[in-house]
Each structure stands twice: as C-alpha cells, then as structure tokens.
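Please look through the sequence and the model below before reading on. The paragraphs that follow walk through its sheets, its helices and a few individual side chains.

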Amino acid sequence: MEKRITEEICRTLEQHGYRSPVLLGEGSFSVVYRVCDQKSRFWACKISEAGGQWERECHNSKEICHPRFPTYREHWTEGGKGYLVMEFWDGCDLRKMLGRRGRLSPEQAGRIALQISEGLQYLHERPYPFLYRDLKPENIRIRVDGSAGILDLGCLWNREQEWSGAGNRSYSAPEQFVQGEIPGEESDVYAVGKILAAMLGEEADEVKRGQKGSARQNKSKKTGRKQRRQENWLRKISAMATCGERKDRIPDIKTLRTLLAVSDASGRERRRAYRAADF
C-alpha cells in the first residue's frame, strides 16, 4: 500500500515539474517532502487530504508574506489529495533540537522566542488579523543560520470562521478548548510562554557557589551570573504569559516582545520595560 502511494506521489510530482521526493516529516493529516524542481532548487511539498482545511491553508499561505513564514509557490489537487508547494528551509524543528540538547541557553531561547513572536505579531496586526492557535515545537523550524520560523498555517483563525477547538493540549491556551470561548492575542501569547519554558527546561539548573579563584574563574562566574539573571527574567516572562486567567496574562504579542527585547539588558532597563508594559 505504501509503495503504491509513493509511486502515485512521485508520478504526480513529476507531472508538475518536481522530482526526488525526500520525506521530511508527517503529522496526523499530512506528509511533507523535500522536492527538487527542474532548476535543481529545493522546495517543501505538503500533501494532505483535499478538503476545507487544506483549501484554507493554501489560501492563507498565499496571503501571508513575512520572512518568519515560508513563501508560497503553488498548489493543486489530484486523486483526492492536496499538494501545497512552498519555500524549503534547511534545518530541524525545535522538537528535535530540544530532544538532542535537553534545553537551550537563555540567550538562544530568548532569541528564538523573539523571532517567533515577530511572526505572530505580523499575523495579529494585519488588516484582517489571524490568530495562529497551534504553536508547538514541531511547528518551529530552526534554520541552518540559526534563525527561527513558523510552519503549518492549517489552524489560522480570523474570527470570521466558526469556532473550533483547534490547538494542542500541551502548548495552546486553555480557553481554546472551551466551547464558545473566543481566543484572542493573549492565547497566542500563552503558547509562546509555554515554548519559552520548554526551551529553558522544566526547572532552572541548580548553581553551586564556589570559593574565590583565579581571574579566569571569576570571569566565568560573572558570565554565569549574567546568564542566570537573563534566565530568571525569561522565566518571569513565561510565568506572566501562561497565567490561567486571561485577564492576568500578558495581553498581546507587542507587549511580550517589549519584555523579551530586554532579556539581556541591565536590571534598570528591564524594570523600565516592565513598568511600560503596565498590564
């Protein structure tokens, strides 16, 4: 059965000018391949059952134009399947990175969170805003240059569509699964907070104090103190972003980005940013 499907996929891709499919990943409703066009350029091709959700994702992909999201190329249907071709990003998803490393440094975690929230802010501030609703490590791509982007636009919601309990229980805000409760910007803020906590590890590392040593050791300790301050600040942001009560949560992505942007700044600048946030 799998061989027949693979042959069908290869034949369809070749008819549209693509060859050499390499499996990148698969989810509950789709499979993604890396394919090569006639000019030997790589693209990502997402194959799903053709239906309403697939059509919405194709439409959304054509609308979205921001460097934190892959660029749309084309789409078509054949044999009951939908093919969506978009920009290919070499790298790995955040889930695999965390699986290998366990946790990231505060500097790297803060940078990734800031880049992800840049893409979400774009969605929220469009003339016709979208909520993302399904942020999770599997949907975050870390490219070979270290930059982060967001994949999978299948759960975008523009408030005009009928309510649905979209998202994932581990990272999405609890209100997304309450019948009739309408999510807002703070719902995507919640997901960024959960991602940030995952990147930092479930608990902060225990740091042992040592005795005075050489100048080199003292410099190392000073660097360690800076990292701990940065991590403590990021954990504070994560806690404020993931409050169960929506009214107590960081209210929007713009405010979240203001707080993330000063993660490696002085204590005075952080306090100033916190007061300016005023939520």
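**A walk through the predicted model**

Asn-168 sits in the loop that runs between β8 (148–150) and α5 (185–200), and everything said about this residue and the others here rests on a predicted model. With a relative accessibility of 13%, Asn-168 falls under the 20% cut-off and therefore counts as buried. Its side chain makes a polar contact of 2.9 Å with the side chain of Asp-134, and a polar atom of the Asn-168 side chain also lies 2.9 Å from the backbone nitrogen of Tyr-171. When residues up to four places away in sequence are set aside, Asn-168 touches Asp-134, Leu-135, Lys-136 and Phe-177, and Asp-134 is thus a partner both in this list and in the side-chain polar contact.

The loop that holds Asn-168 leads to α5, a helix that is mostly covered, with 13 of its 16 residues buried. How does the span of α5 compare with what 1.5 Å a residue would give? The 16 residues of α5 should span 22 Å on that basis, and the C-alpha atoms at its ends are 23 Å apart, which agrees. Just after the helix, Gly-201 takes a positive phi of about 90 degrees.

Within α5 lies Asp-188, and its relative accessibility of 3% is under 20%, so Asp-188 counts as buried. What does the side chain of Asp-188 meet in a polar contact? The partner is the side chain of His-124, at 2.7 Å. His-124 also belongs to the wider set of residues in contact with Asp-188, which, leaving aside neighbours within four places in sequence, consists of Leu-120, His-124, Leu-131, Tyr-132, Arg-133 and Ile-253. From C-alpha to C-alpha, Asp-188 is 7.4 Å from Ser-172, although 16 residues separate the two in sequence.

The strands can be taken next, beginning with the sheet of 5 strands. This sheet is open, its strands follow the order β1-β2-β3-β5-β4, and the pairing is antiparallel. At its edges stand β1 (19–26) and β4 (72–78), each of which pairs on one side only. Neighbouring strands of the sheet are turned against each other by 25 degrees on average, with direction ignored. Helix α2 (residues 52–63) packs on this sheet, where it touches β3, β4 and β5, and the direction of α2 makes about 160 degrees with that of β4.

Some of the pairings in this sheet can be followed residue by residue. Strand β3 (residues 42–49) is joined to strand β5 (residues 81–87) by 7 bridges, and the two run antiparallel; in β5, Lys-81 is the bridge partner of Glu-49. The edge strand β4 pairs with β5 in the antiparallel sense over 6 bridges, and His-75 stands opposite Leu-84 in β5. These two strands, β4 and β5, form a hairpin with 2 residues between them, and Gly-79 in the turn has a positive phi of about 60 degrees.

A further open sheet has 3 strands in the order β6-β7-β8, again with antiparallel pairing. β6 (91–93) and β8 stand at its edges and have a single partner strand each, so one side of each is left without a neighbour in the sheet. From one strand to the next, the twist of this sheet averages 30 degrees. Strand β6 is joined to strand β7 (residues 140–143) by 3 bridges in the antiparallel sense, and Gly-91 stands opposite Arg-143 in β7. Helix α3 (residues 94–101) lies across β6 and β7 and runs at about 85 degrees to β6.

Another loop, between α6 (215–241) and α7 (253–260), contains Glu-245. Its relative accessible area of 49% lies between the 20% and 50% cut-offs, and Glu-245 is therefore partly exposed. Glu-245 and Glu-175 are 70 residues apart in sequence, and their C-alpha atoms are 9.3 Å apart in space.

The cysteines complete the walk. Are Cys-65 and Cys-155 buried or exposed? Cys-65 has a relative accessible area of 65% and is exposed because this value is over 50%, whereas Cys-155, at 18%, counts as buried because its value is under 20%. A disulfide is a covalent bond between the sulfur atoms of two cysteines. The structure holds 0 disulfides.

Key. Residues are numbered from 1 along each chain as its sequence is written. This is a predicted model: local features need pLDDT of at least 70, side-chain atom pairs count only at pLDDT 80 or more; totals for chains, interfaces and linings use all residues. Side-chain values use heavy atoms; hydrogens and water are left out. A disulfide is a pair of cysteine sulfur atoms within 2.5 Å. Buried means under 20% relative accessible area, exposed over 50%, partly exposed in between (1.4 Å probe, protein chains only). Helices (H or I, at least four residues) and strands (E, at least two) are DSSP runs, numbered from the N terminus. A polar contact is a pair of N or O atoms within 3.5 Å; within protein, one must be able to donate a hydrogen and the other to accept it, and residues adjacent in sequence count only if both atoms are side-chain atoms. Contact means heavy atoms within 4.5 Å. Two strands pair if DSSP finds at least two bridges between them. Axes are lines fitted to C-alpha atoms, for helices over the stretch in contact, and angles run from 0 to 180 degrees between N-to-C directions. The expected span of a helix is 1.5 Å times one less than its number of residues.
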